[in-house]
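Work through the exercises below with the model open. Try each task before reading its solution.

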Amino acid sequence: MNHQKILDTMKAKNIKNKDLAEQTGIPLGTLNKIIYGISKDPSVNSVHKIAHTLGYKVDDFVDDNTTTHHDNESSVLTEVESQMLDMFRELNDEGKEKVIEYTRLLTGSSLYIKNNKSELQKVAK
């Protein structure tokens, strides 16, 4: 667990311990143990809440030197991505399935894929 990265992120975003505790629903004492490295094995649920609230993925706070990222994109969620995730979580199971189905349709079409070089090459010809 990379507690220093959590602290650095909180500082950069000007988030106080008390505020993060309130936003995540994690008791302040528990949160302090996690972010100061006292808790060596915090629950995945707690780390997920912290990461999501700070706009990161859980993997970004895990100390695992064997983890590699397969793309060069930032792992920080954009504001739009964070909003979409929040809205997705409000949906019931049927609504979530519809979003997944529609997303698969969109990503299956080269028209909606960013940086689609093969499509750009076709247009250029």
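## Exercise 1: Overall make-up

Buried residues make up 23% of the 125 residues in the protein. The model is a predicted one.

**Task.** State how many helices and strands the protein has, and give the order of its elements.

**Solution.**
- Step 1. Count the elements: there are seven helices and zero strands.
- Step 2. Read from the N terminus: the order is α-α-α-α-α-α-α.
- Step 3. Turn to the contacts with a separation of 6 or more: 48% of them join residues 24 or more positions apart.

## Exercise 2: The buried side of α2

**Task.** Find the buried residues of helix α2 (residues 17-24) and decide how they are placed around the axis.

**Solution.**
- Step 1. List the buried residues of α2: N17, L20, A21 and T24.
- Step 2. Check the arc. These residues span only 100° around the axis, so they sit on the same side of α2.
- Step 3. Look at the face turned away from the buried side. The exposed residues there are K18, E22 and Q23.
- Step 4. Ask what covers the buried residues of α2. The cover includes α1 (3-12), α3 (28-35) and α4.
- Step 5. Go past the end of the helix. G25 follows α2 and has a positive phi, near 80°.

## Exercise 3: The same analysis for α3

**Task.** Name the buried residues of α3 and the elements they pack against.

**Solution.**
- Step 1. The buried residues of α3 are L31, I34 and I35.
- Step 2. Their arc around the axis is only 85°, which puts them on the same side of α3.
- Step 3. The buried residues of α3 pack against α1, α2 and α4.
- Step 4. α3 is followed by G37, and the phi of G37 is positive, near 80°.

## Exercise 4: The largest nonpolar core

**Task.** Which residues have the most contacts inside the largest nonpolar core, and which helices supply at least two residues of this core?

**Solution.**
- Step 1. The largest nonpolar core has 15 residues.
- Step 2. Those with the most contacts inside the core are I6, M10, L20, L31, I50 and L54.
- Step 3. At least two residues of this core come from each of α1, α2, α3 and α4.
- Step 4. Take L54 as a case. Leaving aside neighbours within four places in sequence, L54 is in contact with I6, T9, M10, K13, I15, L20 and F61.
- Step 5. Set this against a general trend: in soluble globular proteins, nonpolar side chains tend to be buried together.

## Exercise 5: Two residues of α4

**Task.** Are S46 and H52 buried or exposed? Take under 20% relative accessible area as buried.

**Solution.**
- Step 1. Place them. S46 lies in helix α4, and H52 lies in helix α4 (residues 44-54) as well.
- Step 2. S46 has a relative accessible area of 12%, so S46 is buried.
- Step 3. H52 has 16% relative accessibility, so H52 counts as buried.
- Step 4. Compare contacts, leaving out residues up to four places away in sequence. S46 touches I26 and I34. H52 is in contact with S82, L85, D86 and R89.

## Exercise 6: Two loop residues

**Task.** Where are N14 and V62 found? Classify each by its accessibility.

**Solution.**
- Step 1. N14 is found in the loop between α1 and α2.
- Step 2. N14 has a relative accessible area of 62%, so N14 is exposed.
- Step 3. Check the backbone of N14. Its phi is positive, near 55°, in a residue other than glycine. Most residues other than glycine have a negative phi.
- Step 4. V62 lies in the loop between α4 and α5.
- Step 5. V62 has a relative accessible area of 41%, so V62 is partly exposed.
- Step 6. V62 and K5 are 57 residues apart along the chain, and their C-alpha atoms are separated by 9.6 Å.

## Exercise 7: The largest pocket

**Task.** Give the volume of the largest pocket and describe its lining.

**Solution.**
- Step 1. The largest pocket holds about 440 Å³ of space.
- Step 2. There are 13 lining residues, and the closest to the pocket centre are M84, V99, T103, L106 and T107.
- Step 3. Two elements give two or more residues to the lining: α5 (79-90) and α6 (93-107).
- Step 4. The largest share, five residues, comes from α6.
- Step 5. Sort the lining by class: ten nonpolar, two polar and one charged.

Note on methods:
Residues are numbered from 1 along each chain as its sequence is written. This is a predicted model: local features need pLDDT of at least 70, side-chain atom pairs count only at pLDDT 80 or more; totals for chains, interfaces and linings use all residues. Side-chain values use heavy atoms; hydrogens and water are left out. Helices (H or I, at least four residues) and strands (E, at least two) are DSSP runs, numbered from the N terminus. Buried means under 20% relative accessible area, exposed over 50%, partly exposed in between (1.4 Å probe, protein chains only). Contact means heavy atoms within 4.5 Å. On a 1 Å grid over the protein atoms alone, a cavity is a set of points where a 1.4 Å probe fits but cannot get out, and a pocket is an open set with protein on both sides within 12 Å along at least five of seven lines; lining residues have an atom within 4 Å of a point. Grid points are joined across faces, edges and corners, and a volume is the space filled by probe spheres set on the points. Ala, Val, Leu, Ile, Met, Phe, Trp, Tyr, Cys and Pro count as nonpolar, Asp, Glu, Lys and Arg as charged, and the others, Gly among them, as polar. The arc is that of the directions from the helix axis to the C-beta atoms. A nonpolar core is a set of buried Ala, Val, Leu, Ile, Met, Phe, Trp, Tyr and Cys residues joined through side-chain atoms within 4.5 Å.
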